[in-house]
Amino acid sequence: MAKKNLSSRAAFITIEGLEGSGKSSVISYLSSFLKKRGFRVKVFREPGSTCVGEKIREILLDKKNSRLSVHTELLLYLAARTQLIEEKLFKALGLFDIVICDRFFDSTLVYQGFGLGLGKIAESSVKMFSLGLDPDLTLVLDTEPLKGLRRLKKKDRIESRPLTFHSRLRKGYLALAEKFPKRIKVINAGGSLEDIFPQVSKQIDIFLSRYARKRINP
Ligand code: TMP
């Protein structure tokens, strides 16, 4: 498909998934796939992509911070997000055609909401501190938790949590995908990258044609 004039505001695509699900490979594939089609693409990651966000990321992932309370953890993820949105995302959405974020608020709903049991608190605070920004498309890379964890060389504070935690995350992502079927598309990420990439391009093509149509006939 040729480059389309999407709109004055970039399409906002988020990539989600369990640990070791292949997000980084998918994001670099997706970014070059879109650039080859002439789109101006910007990629961010969460938590991070700002000076403050990267510092918060270090606190969150540092295994030494074993006493971080669940509510503090939630607030730190939200803080990194508002910093990214206010400092960079809003601006980027006006400057690029497609903005990709490696994780966004679904991670909080799943990791802190489902994983840590913060449910409704995570839901309402996520709503408040996403500052009205909703992804237009979310790809969830679905894989067996153990398979993903085995791919990791060194585990951080979150990755080191027990398998039961990671299994809850998978259920959480699938529940969200069922709740928001228009926005969230599940990619079977259990196989090789050669199996995963075509699924990604298919979903992106469907999204781009629908998105362009919506912009022309809102
Ligand atoms: P990453 O290593 O995939 O970039 O993500 C950082 C870690 O933070 C990962 O274990 C998922 C976790 N996380 C949350 O628990 N809640 C969130 O809101 C976000 C964005 C990430």
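Helices here are DSSP runs of at least four residues, numbered from the N terminus. With that in mind, a good place to start in this predicted model is the shell around the ligand, to which α2 (51-61), α3 (70-95) and α4 (105-115) each supply at least two residues. The most generous of these elements is α4, which gives 4 residues to the shell. By character, the shell residues divide into 5 nonpolar, 3 polar and 6 charged.

A closer look at the ligand shows which residues approach it. Among the 14 residues around the ligand, those that come nearest are E19, K23, Y77, R103 and T108. Two of these reach oxygen atoms of the ligand with polar side-chain atoms: for K23, an N or O atom of the side chain is 2.8 Å from a ligand oxygen, and for Y77 a polar side-chain atom likewise lies 2.8 Å from an oxygen atom of the ligand. The side chain of R81 also takes part, with an N or O atom 3.2 Å from an oxygen atom of the ligand. The protein buries 94% of the 480 Å² that the ligand exposes when taken alone.

R81 leads on to another residue, E46. The side chains of E46 and R81 make a polar contact at 2.6 Å. E46 sits in the loop between β2 (41-45) and α2, and it counts as buried because its relative accessible area, 4%, is under the 20% cut-off. Sequence neighbours within four places aside, the residues in contact with E46 are R57, Y77, R81, L84, C101, D102, R103 and F104. Y77 and R103, met above among the residues that come nearest to the ligand, are thus both in the list of contacts of E46.

Charged pairs form the next part of the picture. Side chains of opposite charge can pair when their charged atoms come close. The model holds 12 salt bridges. One of them joins D97 and R40, whose closest N and O atoms are 3.0 Å apart. D97 belongs to the loop between α3 and β3 (98-102) and R40 to the loop between α1 (23-36) and β2, so this pair ties together parts of the chain 57 residues apart in sequence. The two partners can be described by their accessibility: D97 is buried, at 6% relative accessible area, while R40 is partly exposed, at 48%.

A second salt bridge connects R161 with E73, and here the closest N and O atoms are 2.6 Å apart. This pair links distant parts of the chain, since R161 is in the loop between α6 (145-150) and α7 (163-179) and E73 is in helix α3, 88 residues apart. Both partners count as buried, R161 at 16% relative accessibility and E73 at 1%.

A third example is the salt bridge between R170 and E144, with 3.7 Å between the closest N and O atoms. R170 lies in helix α7 and E144 in the loop between β4 (137-142) and α6, so the pair ties together parts that are 26 residues apart in sequence. Each of these residues counts as partly exposed, with relative accessibility of 22% for R170 and 47% for E144. Finally, salt bridges that share partners join E73, R157 and R161 into one network.

How values were computed: Residues numbered from 1 in each chain as written. Predicted model: local features only at pLDDT ≥ 70, side-chain atom pairs only at ≥ 80, totals over all residues. Heavy atoms only, no water. Near = heavy atom within 4 Å. Polar contact = N/O pair within 3.5 Å; in protein donor to acceptor, adjacent residues only side chain to side chain. Areas by Shrake-Rupley, 256 points an atom, 1.4 Å probe, with all protein chains shown as cover. Nonpolar A, V, L, I, M, F, W, Y, C, P; charged D, E, K, R; others polar. Buried < 20%, exposed > 50% of the residue type's maximum accessible area, 1.4 Å probe, protein only. Contact = heavy atoms within 4.5 Å. Salt bridge = Lys/Arg side-chain N within 4 Å of Asp/Glu carboxyl O.
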